[in-house]
Amino acid sequence: MKTVMVFGASGVLGQLVCTELLRIFENEIKLIVTDYKMDWGEQLANSLDGNVEFRYLNRKDDENISKAIQNMDIVIVVLKYKTRTNTNQKITSYIARVFLRLNIVTRIFHFV
C-alpha cells in the first residue's frame with residue numbers, strides 16, 4: 001500500500017484531489033491530508049472515506065516538514081498562496097528543495 005500526502009489538502013482543489021485519489025485507487029492507498037489549520041485538516045480527514053489521516057504541516061518550518069513527510073511514497077502539492085514577496089513558483093521551489101534535500105520523497109507533483 002502506497003502512502004500519499006496531499007500538501008494543501010483543505011483547499012478547494014486539494015479536497016478534490018483527495019476525493020479523486022481515494023476514488024481512483026479504490027481506497028488502496030493510505031492518504032495523509034495536511035494543513036496548517038488543525039481544525040480544517042482534522043475535519044477533512046474525518047469527512048473522507050478510507051484510510052485517511054491528518055498531519056499538521058507548516059510550510060515555513062523545515063523541521064516540521066521533515067517530520068511530516070517521513071515514510072511518504074508520493075507527495076502532491078496543492079497550494080495557491082501569494083503574498084507580495086512569494087509566488088506559487090517560489091513556494092513550490094522551496095518545498096521541492098526541502099523534500100529532495102531530505103532524500104525522503106522521490107516524486108513531487110504540484111497543482112495550481
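**A guided reading of the predicted chain**

L22 is a buried residue, its relative accessible area being 7%. This residue belongs to helix α1, in a model that is predicted. Setting aside residues up to four places away in sequence, L22 touches N27, I29, L31, L48, D49 and V52. A further pairing in space involves G50: L22 and G50 are 28 residues apart in sequence, while their C-alpha atoms lie 7.1 Å apart.

The overall plan of the chain can now be set out. Four helices and five strands are present, and from the N terminus on they follow the order β-α-β-α-β-α-β-α-β. The chain has 112 residues, of which 42% are buried. Among contacts with a separation of 6 or more, 59% are between residues 24 or more positions apart.

The confidence of the prediction should be kept in mind while reading. The mean pLDDT of the chain is 79, and 71% of the residues score at least 70. Confidence is highest in strand β2, residues 29-35, with a mean of 93. Strand β5, residues 108-111, has the lowest confidence, with a mean of 60.

Helix α1 also holds Q15. How does the exposure of Q15 compare with the cut-offs? Its relative accessibility is 36%, so Q15 counts as partly exposed. Apart from neighbours within four places in sequence, Q15 is in contact with A9, S10 and L44. Q15 and L48 are 33 residues apart along the chain, and 9.3 Å separates their C-alpha atoms.

L44, one of the contacts of Q15, leads to helix α2. This helix spans residues 38-47, and its buried residues are G41, L44 and A45. Viewed down the axis of α2, these buried residues fall within an arc of 100°, and therefore they line one face of the helix. D39, Q43, N46 and S47, on the other side of α2, are exposed. Which elements cover the buried residues of α2? The cover includes α1 (12-24), β2 and β3 (52-56).

Aromatic rings offer another point of interest. The count of aromatic pairs is zero. There is, however, a charge placed over a ring: K37 lies over the face of W40, at 3.9 Å from the ring centre.

Attention now turns to strand β1, residues 2-7, where T3 is found. Is T3 buried or exposed? Its relative accessibility is 14%, and because buried means under 20%, T3 counts as buried. Leaving out residues up to four places away in sequence, T3 touches K30, I32, N71, M72, D73 and I74.

N71, among the residues touched by T3, lies in the loop between α3 and β4 (74-78). With a relative accessibility of 66%, N71 counts as exposed. A contact of T3 with N71 thus joins a buried residue to an exposed one. N71 also has a spatial relation to M5: the two are 66 residues apart in sequence, and 9.9 Å apart in space from C-alpha to C-alpha.

Helix α3, residues 62-68, contains N64. What is the relative accessible area of N64? The value is 16%, so N64 is buried. Its contacts, not counting residues up to four places away in sequence, are with Y56, L57 and N58. With N58 there is also a polar contact, in which the side chain of N64 reaches the backbone nitrogen of N58 at 2.5 Å.

Taken together, these sites show how the chain is arranged in the model. L22 of helix α1 is buried, and α1 is among the elements that cover the buried residues of α2. T3 of strand β1 and N64 of helix α3 are likewise given as buried, at 14% and 16%, while N71 in the loop before β4 is exposed.

Key. Residues numbered from 1 in each chain as written. Predicted model: local features only at pLDDT ≥ 70, side-chain atom pairs only at ≥ 80, totals over all residues. Heavy atoms only, no water. pLDDT = per-residue confidence, 0-100. Helix = DSSP H or I, 4+ residues; strand = E, 2+ residues; numbered from the N terminus. Phe/Tyr/Trp six-rings, centres within 6.5 Å; stacked < 30°, edge-to-face > 60°. Lys NZ or Arg CZ within 6 Å of the ring centre and 35° of its normal. Buried < 20%, exposed > 50% of the residue type's maximum accessible area, 1.4 Å probe, protein only. Polar contact = N/O pair within 3.5 Å; in protein donor to acceptor, adjacent residues only side chain to side chain. Contact = heavy atoms within 4.5 Å. Arc of directions from axis to C-beta.
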